[in-house]
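Here is my note on the structure you sent. Keep the chain open beside you and check each point as you read.

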Amino acid sequence: MTIHRDPALASALADARDLPDGPDRLLALERLAERADAAGDLRSALDARFALVEAYLLHGERWRLVEPVRRCRAAADYRPELLTDDEGRLLLRLQRYAVEALLGTPRVGLDQTRSLLDDLAHRVGADGPDAPTVAELRCRIADHLGDEPTARHWYQRWAGTVGGPSGGCPGCAPARRAELLAGWGEWRAALAELTEPTGDAVDCTDQPERALVAGLLPELRVGEPERAAVAHVRAYRRHRRERTAFPYLAAHLRFCALGGHLERGLAILAEQLPRLDRPTDDLAAMEFAAAGALVCAVAVEAGLGVRTVPRPAYGGRPATDLDVATLGALLLAIANELAGSFDARNGTGHHSGRMAAWLAERPTAAAVPLPAADAEPAADAEPAAEDARELATLSIDMITAALDRRGDRYVVDEGATVVGRWGAVTIQFRRAGERGEVLHARAMAARRLPATRRAEAYAFCNAWNHDRLLPKAYAHDLGEELVLAGDVATDLAHGVAPEQLTVLVDAAIATGVAYAEAVAALP
């Protein structure tokens, strides 16, 4: 059957992709999908919705995926020939993302999510490679609703399995299971899950820090505060700077409150409070606010209630200094409001009860010393203040020192190129120029495209370069396939200060990760 394609709609889609990131692009794509529906151009409608999903993911708005994913699925069911094999696999993965959106925000309907999950279960089958993915999703949704017996039932089907192509990062699966077990009070079982060997964890760039965070509270509960202290310091060194690590900050704050490290907890809260204005999702915001309120409550009881914490300006809100008691009340109100929103959607009181239980916790033992070099957040391997702004000639050691301060893993090859992997991107840092005065960062997306999609790859790179300064995107032709890469080059002929280099490295990694995620979201 011939697939009808309206040339005017295809041209309009190209124009919409060329718009700068923001509401105008989203609105143009939404209207284009509706126009394609009205014209009966299923292929253009599908392309527009794939582009919408890509834009939503880029902006951290996973909760908006449900409707475009549902419409893509309906179109593909009506005309299976619309999807290539790659698009079919992508749509399964996006369907999982849409189901997971329920866990992060109350703005997604429960019935919608259940329908998408039931559909996913039907497609992958009871014995297919993605059956463990369905078991995991059913387990996590039941736990989210407070239905522990059902969650435990599905946990048994999920535990010890490896998810299929749409199952998410297998290296993080033990941490996801440990988080569930810890929520059920199964402290030793959670720690045992984290010690299970998995070959996939080596390739996971979130590890070992995510596993370290998952074990923080269990280690405190089983009487191993020294191990928890070391894990906290190591993981926070990385999580303090990464935007995507916001969901882990609640565990760091709870460790500080329950482990007796109140000064450090208040310092972390002051450092991370601005991120609460732009959270990754509502669940992370609720848990951060509740954990921060716990730190404040325990600090007030310890006589630290008159300390002040700066709250920066945001939107129309002016900057102000809040004493610990006032900040705690503010955070508690935020946590309660979000918990109430989840419970109203879910028809339970689970999250309100869970946050109340967090606030009722108190330290059970005396604090143990943190590793001396990292006793305060500001001391996490940072250069001395007087040296941080002193100019020096760019060197490989300076680049690796900046990565060490972030807590990243990397290797230095024989050509003096520093190579690391962050999610779906591999980034190379090297010195370029006649005197090695140029910091050159090259980001290469893990996903490759077949050479037959050369025109699409060029269009994607052109659109990226039109909208963004960094990285400079291009497609590298290997014959059978295309590598989508991006470059960032900074001339440092007059020298660079460690503090400045850290900013440049942070920017290269952040933009490289965003670029690779956009490549991964391509149809």
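1. Start at Arg442. This residue is partly exposed, at 28% relative accessible area. The model is predicted, so read every value here as belonging to a prediction. Arg442 forms a salt bridge with Asp487, and the closest N and O atoms are 3.2 Å apart. The bridge links distant parts of the chain. Arg442 sits in strand 6, residues 438-450. Asp487 sits in strand 8, residues 481-491. The two are 45 residues apart. Unlike Arg442, which is partly exposed, Asp487 is buried, with a relative accessible area of 13%.

2. Why can such pairs form? Side chains of opposite charge can pair when their charged atoms come close. How many salt bridges does the model hold? The count is 41.

3. Look next at Arg140 and Glu100. Their side chains meet in a salt bridge of 2.9 Å, N to O. Arg140 lies in helix 7 (residues 131-144) and Glu100 in helix 5 (residues 85-104), so the bridge ties together parts that are 40 residues apart in sequence. Is Glu100 buried or exposed? Glu100 counts as buried, because its relative accessibility is 14% and the cut-off for buried is under 20%.

4. This pair has company. A network of salt bridges links Arg62, Arg96, Glu100, Glu136, Arg140 and Arg176. Find Glu100 and Arg140 in that list, then trace the other members on the structure.

5. Asp408 and Arg406 also pair. Their side chains meet in a salt bridge of 2.4 Å, N to O. Asp408 counts as buried, at 7% relative accessibility. Arg406 is buried too, with a relative accessible area of 7%.

6. Stay with charged residues for a moment. Where is Glu437? It is found in the loop between strand 5 (425-432) and strand 6. Glu437 is buried, with a relative accessible area of 14%. Leaving aside residues up to four places away in sequence, Glu437 touches Leu394, Ala432, Thr490, Asp491, Leu492 and Ala493.

7. Now the cysteines. A disulfide is a covalent bond between the sulfur atoms of two cysteines. How many disulfides are there? The count is 0. Take Cys256 as a case: the nearest cysteine sulfur, that of Cys296, is 12 Å away. Cys256 is therefore in no disulfide, because the two sulfur atoms would have to be within 2.5 Å. Cys256 is buried, with a relative accessible area of 0%. Cys461 is buried as well, at 3%.

8. Cys256 belongs to helix 14, and its neighbours there are worth a look. In helix 14 (residues 249-258), 10 of the 10 residues are buried, so the helix is largely enclosed by the rest of the structure. Those buried residues include His252 and Arg254, along with Leu249, Phe255 and Leu258. What covers them? The cover includes helix 11 (209-214), helix 12 (216-221) and helix 13 (225-239). It also includes helix 15 (262-272), helix 16 and helix 18 (350-360). Helix 14 is followed by Gly260, whose phi is positive, near 85°.

9. Helix 16 has a partner of its own. The axes of helix 16 (residues 282-301) and helix 17 (residues 324-346) come within 8 Å and cross at roughly 145°. The crossing is left-handed. On the helix 16 side, the contact residues include Leu283, Met286, Ala289, Ala293 and Cys296. On the helix 17 side, they include Leu327, Leu331, Ile334, Leu338 and Phe342. What kinds of residue make up this contact? They divide into 19 nonpolar, 2 polar and 1 charged.

10. Check Ala190 in helix 10 (residues 187-195). Ala190 is buried, with a relative accessible area of 0%. The C-alpha atoms of Ala190 and Ala178 are separated by 4.3 Å, though the two residues are 12 apart along the chain. Beyond residues up to four places away in sequence, Ala190 touches Ala178, Leu181, Ala182 and Pro218.

11. One last point concerns the backbone. The peptide bond from Leu470 to Pro471 is cis, with omega near -20°. Pro471 is in the loop between helix 21 (454-467) and strand 7 (472-477).

Note on methods:
Residues are numbered from 1 along each chain as its sequence is written. This is a predicted model: local features need pLDDT of at least 70, side-chain atom pairs count only at pLDDT 80 or more; totals for chains, interfaces and linings use all residues. Side-chain values use heavy atoms; hydrogens and water are left out. Buried means under 20% relative accessible area, exposed over 50%, partly exposed in between (1.4 Å probe, protein chains only). A salt bridge is a side-chain nitrogen of Lys or Arg within 4 Å of a carboxyl oxygen of Asp or Glu. Helices (H or I, at least four residues) and strands (E, at least two) are DSSP runs, numbered from the N terminus. Axes are lines fitted to C-alpha atoms, for helices over the stretch in contact, and angles run from 0 to 180 degrees between N-to-C directions. A crossing is left-handed if the near helix is turned anticlockwise from the far one by less than a right angle, and right-handed if clockwise. Contact means heavy atoms within 4.5 Å. Ala, Val, Leu, Ile, Met, Phe, Trp, Tyr, Cys and Pro count as nonpolar, Asp, Glu, Lys and Arg as charged, and the others, Gly among them, as polar.
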